[in-house]
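Biologist: I would like to learn how to read pockets, sheets and charge pairs in a model. Can we go through them in turn?

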Amino acid sequence: GFNKSHSAAYALVAYQTAYLKAHHPAAFMAANLSLVMDDTDKVRALYDDAVANGLEIVPPDVNASNYRFEPVDRRRIRYGLGGIKGTGEQAIEAIVAARAADGPFRDLFDFCRRVDKRHVNRRAVEALIRAGAFDPVEPRRSMLFASVGIALSEAEKADRSAAQVSLFGDSREAAGHALVVTREWTEAERLAHEKAALGFYLSGHPYAAFAQELSSLIRHPLSGLQPRKEPVLVAGIVTAVRTQTSRRGKMAIVTLDDGGTSAEIVVYSETFDAARNLLREDQLVVVEVKVMPRNGDDGQAQGLRIVAEAVHDLAAIRKRYAKSLRLACNGGADAARLAEMLTPFRNGNCPIVVEYRNGGIGGELELPDAWRVNLEDPLLARLKDWLAPENVRVVY
């Protein structure tokens, strides 16, 4: 009786939820995301499932989002502000109440002036900026982040003088304040801040910055791994490192994510000791792995067992595998400027090939051995800024 009653109840619930997911997908997934918003691992899993089923998760917005995840229409879900770490329900309720009372927030200073500072503190404002919730108001997240202290200080001053009558009217309605001018976050920094606030990357993936360069070297994405006798190279961003002690010493279970999927890689003690400094969250690594079937207690294959044999950072991979650095330029390129950029990085082992085009005429020129360089990030960044990213290519 017990088994039959449970199987009948579960079958009915399974039918009902499958029906809702099929016919009301946005509402169904929004409700599920709201249910687990305090657990970022579960939010990530449901987010991936929603995207895989053709839904769009609209980023959080201080002028549109509420506490919970909510359906915008049949195929879109608005990210709930309650899913941002460091906010809290009272803070979000205070934000929504201020927005409902006086309309959308005009800027960061207007936001800080209007919300209830008893519930919305500095940590909450910074978390909203990191998550991108202020992007529709001001997309320069680094300047917003640097201005939080000033904005809250100005808001407190305005609150203290709110009861005073000014000859020139309410000073709080005066011209807006200027944001602190600072360098904009790089893509990697922006995504790292986003992950800190949301628990995962929402607007992009840091591996995308390296995918094109590594495409000719990494022939096995994490989603396509199969058991094989010989080791293969895989690459991804470290998203988690879990250590434990085995009979052979300290080992680690490392989660790699290449933007398409994630995989757990076992790193035994000898390899872990050599790569300890590389295995940090948000770090890009290239790993030489052996892929084997994982057998269950019944002897049947149950997934994959991936074991690391060596771990490298991008600098080591470039030094070991790069055949050349190819630069495409036209007649407008300045040879003196190129020499100036290359000089600090000379005496390396990577040849430079210049693909020159001018008025329909051109060719390839390999620079002399004296101009071989070390492929360091600052050099590649400067060249890409000058020649455009598509004209700077590391060939493996």
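Biologist: How do the residues of the lining of the largest pocket divide into nonpolar, polar and charged?

Modeller: Keep in mind that this is a predicted model. The general idea comes before the case: rolling a probe the size of a water molecule over the atoms shows where empty space is left. Here the lining of the largest pocket divides into 10 nonpolar, three polar and seven charged residues. The volume of the largest pocket is about 560 Å³. Its lining has 20 residues, and those closest to the centre are Ala209, Glu213, Lys384, Pro389 and Val392.

Biologist: Which helices and strands each supply at least two residues of that lining?

Modeller: For the largest pocket they are helix 9 (208-214), helix 13 and strand 13. Helix 13 covers residues 377-387 and lies across strand 9 and strand 13, at about 20° to strand 9.

Biologist: What is the strand order in the sheet that holds strand 9 and strand 13?

Modeller: Strands of a sheet pair through backbone hydrogen bonds, either parallel or antiparallel. In this case the order is 12-11-9-13, in an open sheet of four strands with mixed pairing. Strand 12 (361-366) and strand 13 (392-395) are the edge strands, each pairing on one side only. On average, neighbouring strands of this sheet are turned by 15° against each other, direction ignored.

Biologist: Which strands run parallel, and how many bridges join them?

Modeller: Strand 9 and strand 11 (residues 352-358) run parallel and are joined by six bridges. Across that pair, Ala328 has Glu355 in strand 11 as its bridge partner. Glu355 in turn has Glu364 in strand 12 as a bridge partner. Strand 11 and strand 12 run antiparallel, with six bridges between them. They form a hairpin with two residues between the strands, and Gly359 in the turn has a positive phi of about 60°. On the other side of strand 9 (residues 324-330), four bridges lead to strand 13, and these two strands run antiparallel. Arg326 stands opposite Arg393 there.

Biologist: Back to empty space. Which residues lie nearest the centre of the second largest pocket?

Modeller: They are Asp41, Arg44, Gly199, Thr239 and Ala240, out of 16 lining residues. The second largest pocket holds about 370 Å³ of space. Helix 3 gives the most to this lining, with five residues. Helix 3 (40-52), strand 4 (232-246) and strand 5 (249-257) each supply at least two. By class, the lining has four nonpolar, five polar and seven charged residues.

Biologist: With which residue does Arg44 form a salt bridge?

Modeller: Side chains of opposite charge can pair when their charged atoms come close. Arg44 pairs with Asp48, and their closest N and O atoms are 2.9 Å apart. Because the two are four residues apart in helix 3, about one helical turn separates Arg44 and Asp48. The structure holds 27 salt bridges.

Biologist: How many cavities of 30 Å³ or more does the structure hold?

Modeller: There is one cavity of 30 Å³ or more, and about 40 Å³ of space lies in the largest cavity. Its lining has nine nonpolar residues, no polar and no charged ones. Among them are Val254, Leu256, Ile265 and Ala308. Strand 5, strand 6 (262-267), strand 7 (284-295) and strand 8 (301-312) each supply at least two residues of the lining of this cavity.

Methods:
Residues numbered from 1 in each chain as written. Predicted model: local features only at pLDDT ≥ 70, side-chain atom pairs only at ≥ 80, totals over all residues. Heavy atoms only, no water. Pairing = 2+ DSSP bridges. Axes fitted to C-alpha atoms, helices over the stretch in contact; angles between N-to-C directions. Contact = heavy atoms within 4.5 Å. 1 Å grid on protein atoms, 1.4 Å probe; cavity = no way out; pocket = protein on both sides within 12 Å on 5 of 7 lines; lining within 4 Å. Points joined across faces, edges and corners; volume = space filled by probe spheres on them. Nonpolar A, V, L, I, M, F, W, Y, C, P; charged D, E, K, R; others polar. Salt bridge = Lys/Arg side-chain N within 4 Å of Asp/Glu carboxyl O.
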